[in-house]
Amino acid sequence: SYVILGVIILFGYSEVVLSTKSSFLLLSALLLNWLFIINQKLILFIDAHGKTIISELLMIVFRISLTISILILFHYNMLNLIVYINIQNIFILLVTIILILFTRIFFTKDKKSNSIKNVHFEFKKYSLPLIYSSLVGLVCALVDRFLLQIYGGSIDQGYYSLGFNLGNISILITASFTPLLIREYSVAFQNKNIRKLRYLFLQYVPIFFVFSSFIAIFLTIHS
């Protein structure tokens, strides 16, 4: 990502491709993206160890603190795009550092690690399908945005982002419960309890769909 961004900036295509000449703004946005990715991976790691409540409480504090800070800046007319992105960078960096310090308790010095070769094969076996899926999703998202920028422009990008975020409201309830459900899936799978996996899926996934559909239909009618 940094290489591609560097090439775009170096050859002077940042305004054409990304609609801005500010290298600082571009690097700040890219940093925010990577911090979010690292943060999500750490949260999934903590969920896998059954400590979901701790990570969720930390994220609640993070969201409340960020929201209050943005409202204060807006009240004093100090809020712009660069400030908005970088204040998120500061807060999520603090959260990431706290999560990294917390995850250290799960690693013991006496535990022998596997060889690099074994780790490589295990990681490849587990991650390869996810990598293919992520690449397809990434390419589709980039093409959507690129075409919208060409045929619509920056204003349409803003409307699209607003609509996309409003659409995320439909999964607001289910997104809060999903980490807990995934943790139960992981525990049941580790114990090879297929009956519990089936029960969890049939019991909760339809309910999640009902909640999401209800909110989505409500938003559609009142849009």
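This briefing covers helix α4, its packing against α5, and three individual asparagine and lysine residues. The model is predicted. Helix α4 takes in residues 52-75 and packs against α5 at an angle of about 160 degrees. Asn39 is buried, whereas Asn77 and Lys192 are exposed.

**Helix α4**

- Helix α4 has 24 residues, and at 1.5 Å a residue these should span 34 Å.
- The C-alpha atoms at the two ends of α4 are 34 Å apart, so the expected span and the model agree.
- The buried residues of α4 are Thr52, Ser55, Leu58, Met59, Phe62, Leu66, Ser69, Ile70 and Leu73.
- The cover over these buried residues includes α3 (23-48), α5 (81-103) and α8 (172-190).

**Packing of α4 with α5**

- The axes of α4 and α5 are 10 Å apart, and the angle between the helices is about 160 degrees.
- Because angles over 145 degrees count as roughly antiparallel, α4 is roughly antiparallel to α5.
- The two helices, α4 and α5, cross in a right-handed sense.
- On the α4 side, the contact is made by Ile54, Leu58, Met59, Phe62, Ser65, Leu66, Ser69, Ile70 and Leu73.
- On the α5 side, the contact is made by Val83, Tyr84, Ile87, Gln88, Phe91, Ile92, Val95, Ile98, Leu99 and Phe102.
- Of the residues in this contact of α4 with α5, 16 are nonpolar, three are polar and none is charged.

**Asn39 in α3**

- Asn39 belongs to helix α3.
- The relative accessible area of Asn39 is 0%, under the 20% limit, and Asn39 is therefore buried.
- Beyond its neighbours within four places in sequence, Asn39 is in contact with Met59, Ile92, Val95, Thr96 and Leu99.
- Among these partners, Met59 is a buried residue of α4, and Met59 also takes part in the contact with α5.
- Ile92, Val95 and Leu99, also partners of Asn39, are among the α5 residues that meet α4.

**Loop residues with positive phi**

- Asn77 follows α4 and lies in the loop between α4 and α5.
- Asn77 is not a glycine, yet its phi is positive, at about 55 degrees.
- With a relative accessible area of 71%, which is over the 50% limit, Asn77 is exposed.
- Lys192 is placed in the loop between α8 and α9 (194-221).
- The phi of Lys192, a residue other than glycine, is likewise positive and near 55 degrees.
- Lys192 counts as exposed because its relative accessibility is 71%.

How values were computed
Residues numbered from 1 in each chain as written. Predicted model: local features only at pLDDT ≥ 70, side-chain atom pairs only at ≥ 80, totals over all residues. Heavy atoms only, no water. Helix = DSSP H or I, 4+ residues; strand = E, 2+ residues; numbered from the N terminus. Expected span 1.5 Å × (residues − 1). Buried < 20%, exposed > 50% of the residue type's maximum accessible area, 1.4 Å probe, protein only. Contact = heavy atoms within 4.5 Å. Axes fitted to C-alpha atoms, helices over the stretch in contact; angles between N-to-C directions. Parallel < 35°, antiparallel > 145°, perpendicular 65-115°, else oblique. Left-handed = near helix turned anticlockwise from the far one by under 90°. Nonpolar A, V, L, I, M, F, W, Y, C, P; charged D, E, K, R; others polar.
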